[in-house]
Structure formats: structure tokens, C-alpha cells
Amino acid sequence: YSEGLSFDSNGDGTCSVSGIGTCTDTELNIPPVALDNERVTGIFDGAFQFCENLTSVTIPDGVTYIGSFAFDGCKSLTNITLPEGLTRICNDAFNGCNNLTNITLPGSLKTILRYAFSGCRSLTSITFPEGLSLIYDYAFSGCSNLSSIRIPAGVTEIGTAPFSGCSSLASIEVADGNKTFHAAGNCLIETDTKTLLSGCKNSRIPADGSVTSIADKAFAYCSDLSDLAIPSTVTQIGGDAFLGCDKLIQKENSISYVGKWVVGCSDSATGVTLRDDTVGIADKAFYSCKQLTQVIIPSGVKNIGADAFFECNNLIQKEGGAWYVDK
């Protein structure tokens, strides 16, 4: 076992790793017992943050959680052994571990919090345990070599854009029996709300009415996505849903289109006329276009998203207590 690590007592016969201390090991092997025979049950927030010389870590059985930023910025880390009994990986725990290539999530794991593995761009695959229930916002964002995902049947909550920036992602599946989510056309869909949560470079949005909205950043940085039809059943597109999809977005003057939807506008635009075939304006499409003074909206537009004209202060007119854009 590695020597010289710092521990803090939990006061109940257990303790948690709090830092690297005087340890100089690059292959870290955390002991199961420390501090007067107290059992090691956790890794505190930021315990090994920016320990850039670490190449591997073995975490002992008995550890139930890995704290926020615990291994954040450990750029040389390539391999980590996680114990059975681990239930929670907290915010940014492995954020920026660019060279992490080998990780097996234990069957006991229940929760993966925000940005937990964000920027782990060397990960090519990840197997989620069947007991997993929660995957929070941006948990695997920027894992640019991740090629496929399969959501287990027990997952009941998925946050915003957990796989944004996974540009190599080609396959999205959901296990049979999941009562909250399903996959179709390589799209991750929340069944009851009919919301498409995440897509990939091979996505095809179902046109059978099972998708009526596209979530914020659902396709963000799917840089190889070049062809995607948005069916008429879609009535709402979230902010930055197609951010960084340069092969997909069509630029016409200052306006960015995906299909017949406006999804963005140049900050420098002063006056714009939407295409006659435009059917919708996505959330935040004109967000903070402060120089915009005129938008001509055709009669075929049926859907205008939340905050579509937020902070367009030279465009919005106030009359009789109401705020107007055009009519």
C-alpha cells in the first residue's frame, strides 16, 4: 500500500483520504485501513486534484464515494480500479483525466454526478452497471473517443447533455425494461415527455410522434453529423441543441438553420428576414443579439422558443405593458 497519504477521521471508526500528503507514488494503492485502524470509506473532495504524476490508482473495497474534483486534472492517469461497494462518483471527480483509458464501473454504483468524467477523451467504451439509477449533467461531456453507450434498465434520471461533445459516438441503446427512457434511431428519448435528450453522429429522429422536443445541447458538438431531418412532430428545440454541428448547420446570411428551424444568429446582425419555409425558432436562437433592430417572421412560424430574443434590447418594443417582437 502507498504510504504518506493524508486521512481525516469521520469520528465513527472510519476515515476518508484527504490528500496526497508526503506520498510520492505514481502508482497509487490506497490502503483499506488507516488512522488507528479506522476503515477507509471515502475520498474527500479535491484529495488528488492536479496530481499530474499519478498514472494508476487502486481504491480499496469499503470506499463508498469519490468526492468532487477528487482526481480532477490528473492528466497522466491511465488506469483506475474502482471497488465493489462504491455507490457515488461526485461532480468533476475525474474531470480532465485526458489519458484515462481503462475504467470498470462496479455493480454497486448508483449515481454519477455532473462532469464526473468530463474531458476523458481517451475513453473508448464504458459499461454502465445494471444497478445505476442516475446520470447527471455533462457527466461524460467531451469524451470524444467514446463510441457507444447502453443505458441500463434501472436508470430513472438523466441530466442535461450527459454525452455532449462525444463526437465519435455512433450508437445509443437503452436496455429493455427501462420505464423512463428508450432509444430509437440512435437517439436517447425520455418516453413520457417525448424529449430527445442526446443524439449522435448516426441519429435519425423518429417521425412517429414519439419525439416532440429536443433538449438543450442534445446534439452539441456532434461534429460529424451532416444529415438530420427534423420531423413535423417536433414543436420545441432547446438552446444550443446543435452547437458545434458545423456540417449540419446551414448558414444563410446571418441566420443558422437546421432544416426549417432557426437555431442561431450572428451577434453582429442588425436586421434579418427569415426564410419563407421557416416553421420554428429554437430556444435562445437570437440570445444577446444586441445590435438586432428588425426580424421579419413569416406566417408559417408556429413555434418560438424560450428566451429566443433575450437581451435583444434594440429589437423589443414595449407597448401598454406588453413586450413585442414585430406582431
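This report describes the fold, cores, sheets and two buried threonines of a predicted protein model.

## Overall shape and composition

The protein chain has 327 residues, and 50% of them count as buried. Its secondary structure consists of 29 strands and zero helices. Taken along the principal axes, the box filled by the C-alpha atoms is roughly 75 × 40 × 35 Å. Among contacts between residues at least 6 apart in sequence, 30% join residues at least 24 apart.

The accessible surface of the chain is about 14400 Å², and carbon and sulfur atoms account for 43% of this area. The chain carries 21 positive and 35 negative charges, and the mean positions of the two sets lie 9 Å apart.

## Nonpolar cores

In soluble globular proteins, nonpolar side chains tend to be buried together. In this model the largest nonpolar core has 60 residues. The members that touch the most others are Ile43, Phe48, Phe71, Phe94, Phe117 and Phe128. At least two residues of this core come from each of strand E2 (14–19), strand E5 (38–43), strand E13 (148–151) and strand E15 (171–174). A second, separate core has 23 residues, including Val211, Cys222, Ile230 and Cys245.

Phe48 shows what surrounds one of these core members. With neighbours within four places in sequence left aside, Phe48 is in contact with Leu5, Val17, Gly19, Ile20, Leu28, Ile30, Ile43, Leu54, Ala70, Phe71 and Cys74. Ile43 and Phe71, both on that contact list, are also among the residues that touch the most other members of the core.

## Thr41 in strand E5

Thr41 is found in strand E5. Thr41 has a relative accessible area of 14% and is therefore buried, the cut-off being under 20%. Not counting residues up to four places away in sequence, Thr41 touches Asn10, Thr14, Cys15, Ser16, Gly62, Val63, Thr64 and Tyr65.

## The sheet from E16 to E20

Strands of a sheet pair through backbone hydrogen bonds, either parallel or antiparallel. One open sheet holds five strands in the order E16-E17-E18-E19-E20, and its pairing is mixed. Strand E16 (181–184) and strand E20 (236–237) are the edge strands, each pairing on one side only.

E16 runs antiparallel to strand E17 (residues 187–190), and four bridges join them. Ala184 has Cys187 in E17 as its bridge partner. The hairpin of E16 and E17 leaves two residues between the strands, and Gly185 in its turn has a positive phi of about 60 degrees. E17 also pairs with strand E18 (residues 195–198), in the antiparallel sense and over three bridges. Here Leu188 stands opposite Ser198 in E18. Four residues lie between E17 and E18 in their hairpin, where Lys194 in the turn has a positive phi of about 60 degrees. At the E20 edge the sense is parallel: strand E19 (residues 213–214) and E20 pair over two bridges. Ser213 has Gln236 in E20 as its bridge partner.

## The sheet from E21 to E27

Another open sheet of five strands has the order E21-E22-E23-E25-E27, again with mixed pairing. Its edge strands are strand E21 (250–252) and strand E27 (303–304), and each pairs on one side only.

Strand E22 (residues 255–258) and strand E23 (residues 261–265) run antiparallel and are joined by four bridges. Tyr257 has Val262 in E23 as its bridge partner. In the hairpin of E22 and E23, with two residues between the strands, Gly259 takes a positive phi near 60 degrees. E23 is mostly covered, with five of its five residues buried. E23 pairs with E25 in the parallel sense over two bridges, and Val262 has Ile281 in E25 as its bridge partner.

## Thr278 in a loop

Which loop holds Thr278? Thr278 lies between strand E24 (271–273) and strand E25 (280–281). With a relative accessible area of 0%, Thr278 is buried.

Thr278 touches Tyr257, Lys260, Val262, Pro298, Gly300 and Val301, not counting residues up to four places away in sequence. Two of these, Tyr257 and Val262, are the bridge partners noted between E22 and E23. Thr278 and Tyr257 are 21 residues apart along the chain, and their C-alpha atoms are separated by 9.0 Å.

Notes: Residues numbered from 1 in each chain as written. Predicted model: local features only at pLDDT ≥ 70, side-chain atom pairs only at ≥ 80, totals over all residues. Heavy atoms only, no water. Core = buried A, V, L, I, M, F, W, Y, C linked by side-chain atoms within 4.5 Å. Buried < 20%, exposed > 50% of the residue type's maximum accessible area, 1.4 Å probe, protein only. Contact = heavy atoms within 4.5 Å. Areas by Shrake-Rupley, 256 points an atom, 1.4 Å probe, with all protein chains shown as cover. Lys, Arg positive; Asp, Glu negative; His and termini not counted. Charge placed at Lys NZ, Arg CZ, Asp CG, Glu CD. Pairing = 2+ DSSP bridges.
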